[in-house]
Amino acid sequence: MHHLTARRLTALSLALLTALSLSFGPGALAATTWPAPSSAIVGVRADSAPSFSGSAALQHVNELSVGIGSRVAGSPAQDSTHQYLTTQLQGMGYQTVLQSFPITAYQDRGSKLTLGGALGQSVSANTLVYSAAGAVEAELVEAGLGRPEDYEDANASGKIALVTRGDIRFADKVDAAAKAGVLAVIIANNVPGSFNGSLIGMSAIPAVGVSQEDGAVLRQAIRAGGATIRVEVNATSAQSTGANVVATRAGGPKTLVIGAHIDSVAAGPGANDNASGTATALELARVLASRPTPYTVQVVGFDAEEVGLVGSSYFVSQLSDAEKQAIIAMLNFDMVGVGTESRAGGTDSLVRLAQAAGAQEGVSVGQLGDGLGGASDHASFMRAGIPALFVYRSNDPNYHSPNDRFEYVDAANLQIAGNLALDVIAALERGE
Ligand code: BES
Ligand code: ZN
């Protein structure tokens, strides 16, 4: 292995960073008042290179969950979180960038459909997330699948369009309708039952979904000789800004991404969810920075996870195909400080490495719990075809509650997560 001095490594990092031309969004680094990381942290293993310290990680949990407290994306507390990570990671020798992005908080308060006008027959409907709010009443017309070409002969301007789900995205159907002068869109399911769906951003006109059965009722009303319908969407949306902290230490053309979400819900201080994962990522960053690695290490604090994986989705959306292909793996830590058993989910080959790491460490690594496949930031990477591992612990009784407090986070659990991660990284380095 090469023995690079710190100074040479920094110069190399800068050169490689430029060569890789990473595409980060706008964002500025704020001046900071956080203390630099301690250099006297002693790991628990006797190796010459520093090893992961659960107690050092616990210090980060304290700073985040007690020092800062609840860390809601877009709130002023997040400036402190961004500063804390930036200072810590720069102190370890990483180049950092704040990658900011918009957050749209959408709150659905229900939709109503009334066939035959305000006093007519009510039909149940689901708001499509990011539908414009409002109430409109007009003639209902059919417009096939709701593709742009379906409006050529539909004579739908100033009317409400009934379209069928399928073929193109919901957002594209709503855009095509708005362009054709349609006042609101009703999307009927193409399989029995109702559905929930989401647009990509706020739409220009109200958009709701109905079951296949109710779609047939509406279609029959149109064919029976014209129908008037009232569409009412009750919803609010608020715009704010989040930012991922992206720290890079160049080491080669391939990249290992270590990630954790840095935001919490408003209900509590988020000590386990997810100061624990953030702390684990920071401590891993310290350990990895102390070794020469033949790959680039990127440590990312993802903002706005709790509002729908927004930060990690944005991060992935800014990667070129070449950058995506260069990622060896994304290792995601979310809720690793409390609970009864380590669990691993994500890409099969990485889950197997995590289970082997468990055997090595003498701890059980259980299967991903039901419904958690898309519950954290690894999912954004997997959707883009990037291998990702999700490490957490099962059964936190205080999940998303005011009691998700520092005192329940156990350094021994952080130690386990850190050791598992380093074992998985070692296996990846061996080409497993
Ligand atoms: N930390 C949770 C996910 C989680 C739950 C991990 C239980 C381990 C055990 C995460 O922050 C979260 O709350 N996710 C949401 C979904 C997300 C897309 C908003 C969830 O699970 O409801
Ligand atoms: Zn979480």
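## The zinc site

Donors here are N, O and S atoms within 2.8 Å of the metal (3.2 Å for Na, K and Ca), and water is not among the atoms, so sites may look incomplete. With that in mind, the donor residues of the zinc ion (ligand 2) follow the pattern H-x11-D-x60-D along the sequence. The pair Asp273 and Asp334 ties distant parts of the chain together, 61 residues apart: Asp273 sits in helix H6 (residues 271-289), and Asp334 in the loop between strand E11 (327-333) and strand E12 (342-346). Helices (H or I, at least four residues) and strands (E, at least two) are DSSP runs, numbered from the N terminus.

On the protein side, zinc gets His261 (NE2), Asp273 (OD) and Asp334 (OD), the last listed twice, at 2.0 to 2.6 Å. Both Asp273 and Asp334 are buried (under 20% relative accessible area, 1.4 Å probe, protein chains only).

## Around ligand 1

Asp273 turns up again here: one of its polar side-chain atoms is 3.2 Å from a nitrogen atom of ligand 1. The side chain of Glu305 has an N or O atom 2.7 Å from an oxygen atom of ligand 1, while a backbone N or O atom of Ala375 lies 3.0 Å from a nitrogen atom of that ligand. Ligand 1 has 520 Å² of accessible area on its own, and the protein covers 76% of that (Shrake-Rupley method, 1.4 Å probe).

## About the model

This is a predicted model: local features need pLDDT of at least 70, side-chain atom pairs count only at pLDDT 80 or more, and totals for chains, interfaces and linings use all residues. Residues are numbered from 1 along each chain as its sequence is written, chains are lettered from A and ligands numbered from 1 in the order in which they are written, and side-chain values use heavy atoms, leaving out hydrogens and water.

Methods. Buried means under 20% relative accessible area, exposed over 50%, partly exposed in between (1.4 Å probe, protein chains only). A polar contact is a pair of N or O atoms within 3.5 Å; within protein, one must be able to donate a hydrogen and the other to accept it, and residues adjacent in sequence count only if both atoms are side-chain atoms.
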